[in-house]
Each structure stands twice: as C-alpha cells, then as structure tokens.
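Thanks for asking me to look over this one. My notes are below as numbered points, so you can follow along with the structure open beside you.

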Amino acid sequence: MKRALPLAAAVVLLASGCADDEAEGGDGSAGPTRLVVSAASSMTEALQTCAPEFERAENADVRLSFAGSDELAAQIRQGARVDAYAAANTSLPEELNGEGLLSEPVEFATNEFVLAAPADSEIDSVEDVAEAGTKVVVGSESVPIGSYTRESLARLPPAQEEAILANVVSNEPDVKGIVGKLTQGAGDAGFVYVTDVNATGGDLKAIDLPETLAPQVAYAAGVPTEAREPELGQAFVEGLTNGPCADALAEAGFGGAP
Amino acid sequence: MRRPGGFTVLLALCLAITLTFLTLPIVAIFLDSSPADLIRSLGEPGALDALWLSLRTTGISIAIILLVGTPAAYLLATRSFRGKAFVVTLIELPLVLPPAVAGIALLAAVGPSGILGGTVESAGLELTFATAGVVVALTFVASPFYVRQAMAAFASVDRVLLDASRTLGASESRGFLRVMIPVALPGLVAGTALALGRALGEFGATLMFAGSFEGITQTVPLAIYDRFSTEFDAALALSAVLVAVSAAILLSVKLVHGSEVLGGAPR
C-alpha cells in the first residue's frame, strides 16, 4: 500500500496542474482571443515578426500555420477552422471564394519570381540553366511555385523550355525544399520567390528573369466562412496591406498590393 | 463461471478505445474510396511508377540490412566487450530520430556539401536526386528495427545448442549459419517485417535527402503527399494500396511463422 502513495500524489498534482491550465485558458472575457492564421510558407519570417505587435494591438493570441498554399486550401476544404488564409497566389483564394468557403479575396502583396543559385555559382541566366547536366530543383506542379515555374518556362522558346525541364531533378512540395536543396549544394539552380532568396542571408543569389516571363506574382488573402473569429480574421487580413504586417512584408522584400 | 470483475471491464474498455482509435482512420481510407476509384487511380500515370520504385528500393535496402545487420547483431548478442552498451545505444538511436532529423543528418554526412560529400562524389556515386539516395535513406531509418530484434533473437537462443555444434566439430561460422540462424529465425523474420514496414512508409528523410522525382526518387509516401492537395482521391487510393501491401506483409509473416512471431517479445 505504501508504494501507492507517491503515485496518488503524482496523480493529484497532475490533475491540479490541468485545472490551473484550464482556469487560465477558459477565462474568456479578459484573456486574449485565439486567432488561427494559415499562410503560405514564403511569408514565414515576415508574419512571425509582426504577429506579436498584432497580438498586443488586438489582444489576440495568434497561431500561425505555414505550409504550401494548396495544402492550406485543402485543409480548409476538409473543414479546418481557420480565421485568416493568406495564399501565395490569387487563384486558390478565388477558388475557395467560388466554393463559398472564403470571403472576397484581397490582393495584399506581390512577390518576384526569380532564378536562384548558390551565391558562388557561375549560373547567371536562364540560358545557363538550359545547359545539359545542370541540376534544376523546382516546385511540384501542385504547388503555386511549381505552376508559376511551368507557366513561365512555357513562354521561353520551346527548345529552351524542354532543355530546362529535362534538367529537373526534383519536384519539391514547397519552397523550403527547393531553397534547402540549393543551400546544401545538392541542386545547381531553382525557381523561387525573391523573398526566399533574401531569407537565406546571402547563401543564395537571385537572378532576375526577363519581363517576358511575367515574374510578378500577386498574393491574396481572405477570411474563411467557417472562421471562429471572423472579425479578428478580417482585421488581420486588412493589416496585411496597412500596419505592422504590411511593413514586415515590405522589409522581407515583398512588393506592395498591385 | 465468475462474473468479470470491474478491473476486467476497465481493461476491455481500454482495449476497445485503443482498437477504435487505431483502426478507424485506416477503415476510413477504404470507406472514402470505392474499389473502382482505387483501380482507376492506379492506372493514372505515376502511381504504378511510385509503387514499383517503393518496392524496389525497399527490397534493396532490406537485402543490405539482412546481409550486414545479421552478423553485426550476432556479434552484439554473443560477445561482451567494453562499451557494448554504448554501441547498442548508437545503433538504436535512429529509432527515435524524427525523419526530418534523419534527412538533415544524411545531408550533413554524405550530401554534396557534407563531411563525406567529396568522397562520395570521387567514388562516382550519386545519392541526392538518385534512387541510390532513397536506398540510403531507407536503410538508415529501417536497419535499427531489424538489428535490435535480431540481437534479441540471437541472445535468446540457448547457448547449449551452439556449444553442442562446436563439440561435434563445427566451426563457429558453420554454427552461426546452420544452428543460430535457423533457431533464431522467427525473431529475425519479425525484425525483417518491422524494418520492411518502416522502409515502405519512409517519407521525411527521403524527401530531404533524395528529393522527389517520378520514377527516380518519388516513392509511394512522397507520391501521396504530392497528390494530397490537388488530387485527394488519388492520394486516398495510393494510401489504400500502401495499407494493403503493409497488411499483406504483416499477415504473411504471421501465417508463415506462427502468431508468436509478432505477438510477443522474443525471450
């Protein structure tokens, strides 16, 4: 019987610990309101920087969830309760809006689609990437960065497009995978957003693409119909064009709303 | 007959909860996709490539694991030496590593800018973005499952058997092949099944280390993830196939070697 005592004490302690937690979270009126934000991976650094300021201003507890925009859209379609959705394109928010799952999307920023290569690489242009033996890492066709890449390459002369596509060695499920493969020296070049190159702090260089490849990419956001906190979600979406989050996005290299 | 006591009822309740929790998601995969969908999705380009690649890479890595891991496990089970506990812990470490850590670790070791990257390159080996890289990732994450189980299986063999074979004039290598392996076989098979399951399901290390390209590095779990957002039905169908293949492995092991193989710990 003696041996049961410490165990009983532990159980009691554990239970009281749980009760404390609940009291804190369940306080309701005074505690911060939880806001769940689903945002494209490319905004990770920027939104993490501005979230604390938004939290203070709105008395909110912001939960940021970063992944590929398509994956986040799939989660919303599968019924995930999200208060704000910020995508790395306009088509996914428009699709969700068309399905009645998202408010009218707002375009809040632009990003530039660039060719990225390790900083010390000799690659300097799209022509270099078309050379046989260059290891090219791109996004999978199902994610925005992958579909942009294919759309852009389709504007090149067919022979060049084919040569580049033949050099593709990996279709990564998100931008982070592409950047990681390049910083590790596994890949020679990849197509990403300029903000992703900026975030590597000099490990990668961004090579501007010719205007004809239409490298401007618009980002759009909206409030899901099933949001638990639609008003706060709306405030967050508005803050993307005006406020600390807009500043943080500009700081990271995003362009203003188109 | 006695009425079952309150404790037995509690046990049964916990079993029911465990069973429901573990089977419901798997049942849902099959309920959510009709057999017709399943067959159609398999016919879709890329699906069979992924399945074939998964089976091929898993097969090769299991062969390597068996060939090298069996003697290694035998040594650990039959000899004692200083620092053995440390060696065993090192071998078991990948068991508890998150796949992402395994991927990073492989890149740091044998990736192009890893500590042995130059050696790998000068040996003419291509690992990143190559099928060989998938095999390396699978072998890394799956081998501890086999070596651990094989060690336990060898350790539980009655030493008298081996001593007897030696008294009869057999060398140790002969005793290992003709006595130890046959006697420890159920445990070895169980270890193989565990490693096989782990290799077949490997995702993170493969993606980070080898990349994702149809027919070269995109195994079934990677193909499922790739289809998740745009073709949920196709992802479901491929998942169903993976469940079926894994269940078939588990069942065939149980049927061939009796239910004790995976039922309880050897010893």
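1. A pairing in chain A makes a good starting point, with the reminder that this is a predicted model. Tyr85(A) sits opposite Gly222(A), a residue of strand 9 of chain A. Strand 9 covers residues 216-222, and its pairing with strand 3 of chain A is antiparallel, over three bridges.

2. Strand 3 of chain A has another partner to look at. It pairs with strand 1 (residues 33-40) of chain A, this time in the parallel sense and again over three bridges. If you want a place to find this pairing on screen, go to Val37(A), whose bridge partner in strand 3 is Ala84(A).

3. Which way do the residues of strand 3 point? Ala84(A) and Ala86(A) point one way from this strand, which spans residues 84-87, while Tyr85(A) and Ala87(A) point the other way. Are they buried or exposed? All of them are buried.

4. Stepping back to chain A as a whole, you will find 11 helices and nine strands. Of its 258 residues, 46% are buried. Among the chain A contacts with a separation of 6 or more, 76% join residues 24 or more positions apart.

5. Now for chain B, where the secondary structure comes to 13 helices and zero strands. Its pattern along the sequence is accordingly written as α-α-α-α-α-α-α-α-α-α-α-α-α. The C-alpha atoms occupy a box of roughly 75 × 65 × 30 Å along the principal axes. Buried residues amount to 38% of the 267 in chain B. For contacts in chain B with a separation of 6 or more, residues 24 or more positions apart supply 76%.

6. How many residues of each chain are in contact with the other? On the chain B side there are 17, and they are in contact with 18 residues of chain A. Helix 11 (residues 220-228) of chain B gives the largest share of the chain B side, with three residues. By type, the chain B side consists of eight nonpolar residues, eight polar and one charged.

7. The largest nonpolar core has 94 residues, and those touching the most other members are Ala116(A), Val192(A), Leu106(B), Ala137(B), Phe154(B), Ala195(B) and Leu238(B). Helix 7 of chain B provides the largest share of this core, 15 residues. There is also a second, separate core of 44 residues, with Met43(A), Ala73(A), Leu92(A) and Leu96(A) among its members. As general background, nonpolar side chains tend to be buried together in soluble globular proteins.

8. Phe154(B) deserves a click of its own. Beyond its neighbours within four places in sequence, Phe154(B) is in contact with Ala73(B), Tyr74(B), Ala77(B), Thr78(B), Met180(B) and Ala184(B).

9. Finally, have a look at Ala132(B), which lies in helix 7 (residues 131-155) of chain B. Why does Ala132(B) count as partly exposed? It has 17 C-beta neighbours inside 10 Å, and a residue needs 20 or more to be buried, or 12 or fewer to be exposed, so Ala132(B) falls in between. Setting aside residues up to four places away in sequence, Ala132(B) touches Leu125(B), Glu126(B) and Leu127(B). You can also check its C-alpha distance to Ala210(B): the two are 8.5 Å apart in space and 78 residues apart in sequence.

Conventions
Residues are numbered from 1 along each chain as its sequence is written. Chains are lettered from A and ligands numbered from 1 in the order in which they are written. This is a predicted model: local features need pLDDT of at least 70, side-chain atom pairs count only at pLDDT 80 or more; totals for chains, interfaces and linings use all residues. Helices (H or I, at least four residues) and strands (E, at least two) are DSSP runs, numbered from the N terminus. Two residues are in contact if their C-beta atoms, placed from the backbone, lie within 7 Å. Two strands pair if DSSP finds at least two bridges between them. Ala, Val, Leu, Ile, Met, Phe, Trp, Tyr, Cys and Pro count as nonpolar, Asp, Glu, Lys and Arg as charged, and the others, Gly among them, as polar. A nonpolar core is a set of buried Ala, Val, Leu, Ile, Met, Phe, Trp, Tyr and Cys residues joined through C-beta atoms within 7 Å.
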